[in-house]
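New to this one? Here's a quick briefing to get you oriented before you start clicking around.

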Amino acid sequence: MKRKTVRIAMNGVTGRMGHRQHLVRSILALREQGGLELGGGTVLWPEPVLVGRRASALAALAERHGLEHVSTDLDAVLADPTVEIYFDAQVTAAREDALRRAIVAGKHVYTEKPTATGLDGALALARLARDKGVRHGVVQDKIFLPGLLKLKRLVDGGFFGRILSVRGEFGYWVFEGDWQSAQRPSWNYRAEDGGGIVADMFPHWEYVLHELFGRVTSVQALATTHLPQRWDERGKPYDATADDAAYGVFELAGGAIAQINSSWAVRVHRDELVEFQVDGTEGSAVAGLRGCRVQHRSTTPKPVWDPDVPAGHAFREQWQEVPDNTVFDNGFKAQWELFLRHVYADAPYHWDLLAGARGVQLAELALRSSAEGRRIDVPEIAL
Ligand SMILES: NC(=O)c1ccc[n+]([C@@H]2O[C@H](COP(=O)([O-])OP(=O)(O)OC[C@H]3O[C@@H](n4cnc5c(N)ncnc54)[C@H](O)[C@@H]3O)[C@@H](O)[C@H]2O)c1
């Protein structure tokens with residue numbers, strides 16, 4: 001086997017996503033499995049260069065994982081011709097500028113979502129990448145999760161018949177930070193720092209709906225800030241200026257209607273932190289991150305509305321678990337592998353900066369819908 005080392009600048013790896021999902025569960029996991037086989041007798045060996053603002057944090061991270069290369073100088077890393085890929089998991093507000101610099105420097109880019117804070121910026125990045133001829137990818141991890149892969153399997157197998165509706169429930173209680181520390185970073189709750197649940201989650205809903213059921217053709221959303229005050233990482237109170245809940249209705253190409261509630265101010269009475277119920281003429285399914293249950297029309301019970309008697313059905317027990325039938329890898333790692341094969345083995349890949357821009361567009365139009373109190377068409381974007 002020939003080993004091809006690929007140096008990847010990884011920016012934002014001291015953060016929650018960058019560290020756990022991208023560095024540890026994806027890149028380091030790839031190294032633990034001996035690299036990525038590209039075919040033709042070549043194994044790709046990813047060599048991360050940890051980039052960030054705090055030298056001490058980077059050095060500690062490198063030592064913890066036995067890595068050699070760290071830098072606080074992004075320009076120097078981008079000027080280094082041995083670095084071929086730039087990866088970004090920084091806070092959202094810092095992303096667009098860093099991606100632009102990386103593309104201008106001729107690097108292939110792989111990035112967390114949202115790719116920019118507005119559609120114009122997101123499209124400009126996609127156009128720049130096209131003009132520069134670099135390869136580009138955007139994290140769309142949810143469709144690589146076992147639960148949603150099973151849902152996709154059901155769609156592809158024609159289980160649902162005509163799909164009528166999709167209802168999604170996402171969220172959990174994010175502590176305010178006073179008497180118990182918050183479990184998410186405080187910038188998420190400040191609009192001026194790129195926060196907000198619409199900017200964060202609607203890009204996910206765009207590709208989930210698009211890939212499984214049809215492109216989103218219109219959006220009506222109500223975004224709100226249920227908790228206007230929170231406490232930051234140092235225990236200091238701050239004004240939560242960003243939306244922490246959004247209630248959205250989406251029309252989909254093909255005729256299905258989706259409704260998704262997203263909230264950081266809801267307590268979980270579900271089996272998973274996100275769940276999607278899909279109802280079709282032939283059957284229904286409820287999928288979470290890992291599990292997926294179905295009810296076929298032939299096994300659908302016939303409840304009768306009667307508030308005078310206790311419920312005669314154990315409704316949850318009337319569903320059947322969809323088996324794994326395969327071994328599911330970590331979704332982030334699976335997508336990294338596809339991206340690396342796209343860059344180094346010319347494999348097709350459509351989760352790119354244009355796909356990322358669609359997510360930014362949906363978030364932008366959802367916020368406009370909320371501000372203006374009306375339903376808004378979502379036009380198709382192109383480069
Ligand atoms: N795909 C997903 O499921 C998913 C989930 C959560 C977050 N995200 C995205 O990942 C990105 C990072 O989110 P996170 O939750 O890991 O955030 P985080 O606050 O934990 O990490 C942010 C990283 O950016 C760095 N950074 C750079 N400039 C900064 C600045 N000016 N202020 C503060 N930190 C700065 C931090 O040092 C840190 O490494 C966001 O864009 C978010 O939208 C994606």
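What follows is a short tour by topic.

Keep in mind that this is a predicted model. The protein is split into domain 1 (2-138 + 331-351) and domain 2 (142-328). There's also a ligand, with 19 residues around it.

**The two domains**

- Measure from C-alpha centre to C-alpha centre, and domain 1 and domain 2 sit 29 Å apart.
- Where the two meet, domain 1 puts in nine residues and domain 2 puts in seven residues.
- On the side of domain 1 that touches domain 2, you'll find four nonpolar residues, four polar ones and one charged.

**Around the ligand**

- Of the 19 residues that surround the ligand, the closest are G15, R16, M17, Q90 and P185.
- Which helix gives the most to this shell? That's helix α1 (residues 16-32), which supplies three residues.
- The shell is a mixed bag: six of its residues are nonpolar, seven are polar and six are charged.

**The nonpolar core**

- As a rule, nonpolar side chains in soluble globular proteins tend to be buried together.
- Here, the largest nonpolar core counts 93 residues, and the members that touch the most others are A9, V198, L209 and A366.
- Both domains have a share in this core, since at least three of its residues come from domain 1 (2-138 + 331-351) and at least three from domain 2 (142-328).
- Take L209 as an example: leaving out residues up to four places away in sequence, L209 touches V166, V216, F250, L252 and A258.

**Strand β15 and its partners**

- Is strand β15 (residues 283-287) largely enclosed or left open? It's largely enclosed by the rest of the structure, because four of its five residues are buried.
- On one hand, β15 pairs with strand β14 (residues 274-280) in the antiparallel sense, over four bridges.
- If you want to find that pairing, look for Q277, whose bridge partner in β15 is V286.
- The link from β14 to β15 is a hairpin that runs through two residues.
- On the other hand, β15 pairs with strand β16 (residues 292-296), again in the antiparallel sense, over five bridges.
- A handy marker for this second pairing is A287, which has C292 in β16 as its bridge partner.
- β15 and β16 make a hairpin too, with four residues between them.

Conventions. Residues numbered from 1 in each chain as written. Predicted model: local features only at pLDDT ≥ 70, side-chain atom pairs only at ≥ 80, totals over all residues. Near = placed C-beta within 6 Å. Nonpolar A, V, L, I, M, F, W, Y, C, P; charged D, E, K, R; others polar. Core = buried A, V, L, I, M, F, W, Y, C linked by C-beta atoms within 7 Å. Buried ≥ 20, exposed ≤ 12 C-beta atoms within 10 Å, placed from the backbone. Domains from an automatic or database assignment. Pairing = 2+ DSSP bridges.
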